[in-house]
Amino acid sequence: MYEMDQIEEKVILVGVDTQSPEAAERSLDELAALARTAGAAVAGRLIQARENAHPGTYIGKGKLLELKELLWETDATGIICDDELTSAQLGNLEEELSCKVIDRTLLILDIFAARAVTGEGKIQVELAQLRYRASRLAGLGRSLSRLGGGIGTRGPGEKKLEMDRRLIRERISRLKRELRDVEKHRELIRAQRKQSGLKVAALVGYTSAGKSSIENALTDAGILEDAMLFSTLDTTTRSLRLDSTQEILVTDTVGFIRKLPHHLVEAFKSTLEEARYADIIIHVVDASNPQMDEQMHVVYDTLRQLGAEGKPVITLFNKQDRLEQEVSVRDFQAEYAIPVSAKTGQGLDELKRALLEIIRREQIYIERLYGFSEAGKIQLIRSKGQLISEEYVPEGIAVTAYVPKEIYGRV
């Protein structure tokens, strides 16, 4: 990992309006939140209305003059563009403006670099950083010194690493091997979970929707809760008891965001795939956010990209404690829509009941009397299903239980 002391910088946010002024403003609002999370102060913003971003300068030469004046007036040290820039756009903007130029992807990578804690998280972030920079080495020769770092000057560029394409490729290959080892370990854990018969529910949602708060409220997981975007990157799995007989595993995932960089999706694939391999999706929504519907669309779109469709979905409309008045909640893509508050505990019991109902659909309730010679079947029920009661009577062992459909024939 590449780390340096964080220095607060003043930046101008720059966006291109290709749809509507309102959508462009909302996107810059989110970019401002990302900038603050990275430690930068927003000094101003500029939006250019165009059909498409200018291939050479992102905003076009006329708007570039306005941006120069804004930089001078606000004494800003750099700009942050609301899209991923090409190497040509990046080079031209740096040359014209003589300041640090950061795009949305680099900004998010910068935040991830600061938030990664575990070995896996650090490998994933460094891999994404190097892939991003490798795609922008065209024409820069052996040195990376012209590739500016992110906010706070973190990253290979600002440390002037003399690393050519060959060295980057070798480092990427080494990181990929390390990540494959981590993925094998993750797959082994998934196989053990499956063997245990425990169902897995994956918490997914837009960044800052409150996934960590929900997991903490349910399981006392002790995960960091932060109002900042991407406060947690690393997956946390905890067990949750739904009733006296049924237990389930709840696993957190990294927050989704619009324009989630391709480099990050690739690097964090093993973490994001927790949603793909889960039995149930718990979709956490920030009900107090004005862009709630748009954020829900981004989450479902990302789930489709990951191949995590076709699973039972429970949507939690979180942060009810922040609403001045109760509003009706609905999600036509979910089986259950529950208003909740991680802060007050509202709706969490209803969530447990919904989880239990989904699990029970896959199980068969049995009342059987087994002979003493069939005690092995009871052990199978205990390991794969939920043993509600067992009573030793003169004729054998009386059992009531829920068993998965796949083992019903064996018991």
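What share of the contacts in the protein with a separation of 6 or more is accounted for by residues 24 or more positions apart? The figure is 67%. Keep in mind that this is a predicted model.

Some totals first. The protein has 411 residues, and buried residues make up 53% of them. Its secondary structure comes to 13 helices and 13 strands. The protein exposes about 19,300 Å², and carbon and sulfur atoms supply 47% of that area.

Now the sheet that begins with strand E1. This is an open sheet of four strands, in the order E2-E1-E3-E4, and the pairing is parallel. Strand E2, residues 41-49, and strand E4, residues 100-103, are the edge strands, each pairing on one side only. On average, neighbouring strands of this sheet are turned by 25° against each other, direction ignored. As general background, strands of a sheet pair through backbone hydrogen bonds, either parallel or antiparallel.

Take one pair from this sheet. Strand E1, residues 10-17, runs parallel to E2, and eight bridges join the two. If you want a place to look, Val14 stands opposite Leu46 in E2. Helix H2, residues 61-74, lies across E1, E2 and strand E3, the last of these being residues 78-81. Helix H2 runs at about 165° to E2.

Next, strand E7, residues 247-252. Is strand E7 largely enclosed or largely open? Five of its six residues are buried, so E7 is largely enclosed by the rest of the structure. Which way do its partners run? E5 runs parallel to E7, with five bridges between them. Strand E6, residues 237-241, is antiparallel to E7, and five bridges join this pair too. E6 and E7 form a hairpin with five residues between them.

Ile248 in E7 is a useful residue to follow. Lys199 stands opposite Ile248, and Leu240 also stands opposite Ile248. Ile248 also turns up among the contacts of Ile359, a residue of helix H11, residues 348-361. Leaving aside neighbours within four places in sequence, Ile359 is in contact with Lys199, Leu242, Gln246, Ile248 and Ile280. Ile359 has a relative accessible area of 2%, which is under the 20% cut-off, so it counts as buried. For one distance along that part of the chain, the C-alpha atoms of Ile359 and Pro404 are 9.1 Å apart, with their positions 45 residues apart in sequence.

Leu240 leads to another residue, Thr219. Thr219 is in helix H7, residues 211-219. Beyond its neighbours within four places in sequence, Thr219 is in contact with Arg238, Ser239 and Leu240. Thr219 and Leu240 are 21 residues apart along the chain, and their C-alpha atoms are separated by 5.9 Å. Thr219 is buried as well, with a relative accessible area of 14%.

Lys199 brings us to the last item, a pocket. The second largest pocket has a volume of about 550 Å³. Lined by 21 residues, it has Arg193, Lys194, Leu198, Lys199 and Asp279 closest to its centre. Which elements give two or more residues to its lining? They are helix H6 (165-196), strand E5 (199-205), helix H9 (269-277) and helix H13 (405-408).

To recap Lys199: it stands opposite Ile248 in E7, is in contact with Ile359, and is among the residues closest to the centre of that pocket.

Methods. Residues are numbered from 1 along each chain as its sequence is written. This is a predicted model: local features need pLDDT of at least 70, side-chain atom pairs count only at pLDDT 80 or more; totals for chains, interfaces and linings use all residues. Side-chain values use heavy atoms; hydrogens and water are left out. Two strands pair if DSSP finds at least two bridges between them. Axes are lines fitted to C-alpha atoms, for helices over the stretch in contact, and angles run from 0 to 180 degrees between N-to-C directions. Contact means heavy atoms within 4.5 Å. Buried means under 20% relative accessible area, exposed over 50%, partly exposed in between (1.4 Å probe, protein chains only). Accessible areas come from the Shrake-Rupley method with a 1.4 Å probe; for residues, only the protein chains shown count as cover. On a 1 Å grid over the protein atoms alone, a cavity is a set of points where a 1.4 Å probe fits but cannot get out, and a pocket is an open set with protein on both sides within 12 Å along at least five of seven lines; lining residues have an atom within 4 Å of a point. Grid points are joined across faces, edges and corners, and a volume is the space filled by probe spheres set on the points.
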